[in-house]
Amino acid sequence: MLLKKIAVIMGVSAMATALIAADLEVLRITNNSIKLDGQLNEAVWAKAQIGKNFRRFSHLGNKTKPQDTSFSILADDDALYLGIKCTEKDMTKLKANVKDNPDLAWDDDVLEIFFCPTGSDDIFYQFVVAAGGVLWSQYYGEKGAIKPDPFRPYWQSAIFKGPNFWSVEIRIPWAAFYMTDSSKF
């Protein structure tokens, strides 16, 4: 299964700032094209479309312009890849301390990524990467988190911290979307 196009909703924040971007074409790559190190320096990232110019959800009431964030999406036979760059004017203010407890992810600055593979807004996958490196995920369906399945798929990320930004490479295997029958994508 490979997607041709994807719409991504992403939260980038310490204060639950919600952002939204438009549809992007998903660039198909060969397997093992990405070294997961957070640097986004592989040639395939330069060929991918870039989503940017995020805006805040208006119903949250915060009218300040968000810091620049951009992302690209790649896919191979085994996984979906996201490359995300978050501007941070003062890296000393980046909260990046949580390394081993997923329940504390929101104590850090985080990236929250939501996928709605069926197109229904009440059935989605949520993946969270804290700036300190900890990962958290959930599947939300049937008007609430599915129980007793704890939804703990295997997925990976790597973070790189530059002088005025932090960037993340994320690899989510297609198998991580096991709660949705592929015929419904």
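**Cores, contacts and a salt bridge in a predicted model**

A search across the whole structure turns up zero disulfides. The structure is a predicted model. Two cysteines can still be placed by their surroundings: C86 is buried, with a relative accessible area of 1%, whereas C116 is partly exposed, at 33%.

It helps to look at confidence before going further. The protein chain has an average pLDDT of 83, and 78% of the residues score at least 70. Residues 1-21 are a stretch to treat with care, since pLDDT stays under 50 there. The model does give this stretch 73 contacts beyond four places in sequence. Where pLDDT is low, however, predicted coordinates should not be read in detail.

The interior comes next. Nonpolar side chains in soluble globular proteins tend to be buried together. In this model, the largest nonpolar core has 30 residues, and L82, F115, I170 and I172 are those with the most contacts inside it. Two or more residues of this core come from each of the elements β7, β8, β9 (110-115), β10 (124-130) and β14 (165-173). A second core, separate from this one, has eight residues, among them I29, I34, V44 and A48.

I170 offers a good view of the surroundings of one core residue. Setting aside residues up to four places away in sequence, I170 touches L36, L80, Y81, L82, I84, I113, V129, W155, Q156 and S157.

Strand β8 (residues 79-87) also contains G83. This glycine is buried, with a relative accessible area of 5%. Beyond its neighbours within four places in sequence, G83 is in contact with L40, W45, S70, F71, S72 and V168. Folding also leaves G83 and R171 with 9.1 Å between their C-alpha atoms, although 88 residues separate them in sequence.

Charged groups add one further link to the picture. Side chains of opposite charge can pair when their charged atoms come close. The count here comes to one salt bridge. Its partners are D77 and R28, whose closest N and O atoms are 2.4 Å apart. D77 sits in the loop between β7 (69-75) and β8, while R28 belongs to strand β5 (residues 27-28), so the pair ties together parts that lie 49 residues apart in sequence. D77 itself is partly exposed, with a relative accessible area of 46%.

Note on methods:
Residues numbered from 1 in each chain as written. Predicted model: local features only at pLDDT ≥ 70, side-chain atom pairs only at ≥ 80, totals over all residues. Heavy atoms only, no water. Disulfide = S-S within 2.5 Å. Buried < 20%, exposed > 50% of the residue type's maximum accessible area, 1.4 Å probe, protein only. pLDDT = per-residue confidence, 0-100. Contact = heavy atoms within 4.5 Å. Helix = DSSP H or I, 4+ residues; strand = E, 2+ residues; numbered from the N terminus. Salt bridge = Lys/Arg side-chain N within 4 Å of Asp/Glu carboxyl O. Core = buried A, V, L, I, M, F, W, Y, C linked by side-chain atoms within 4.5 Å.
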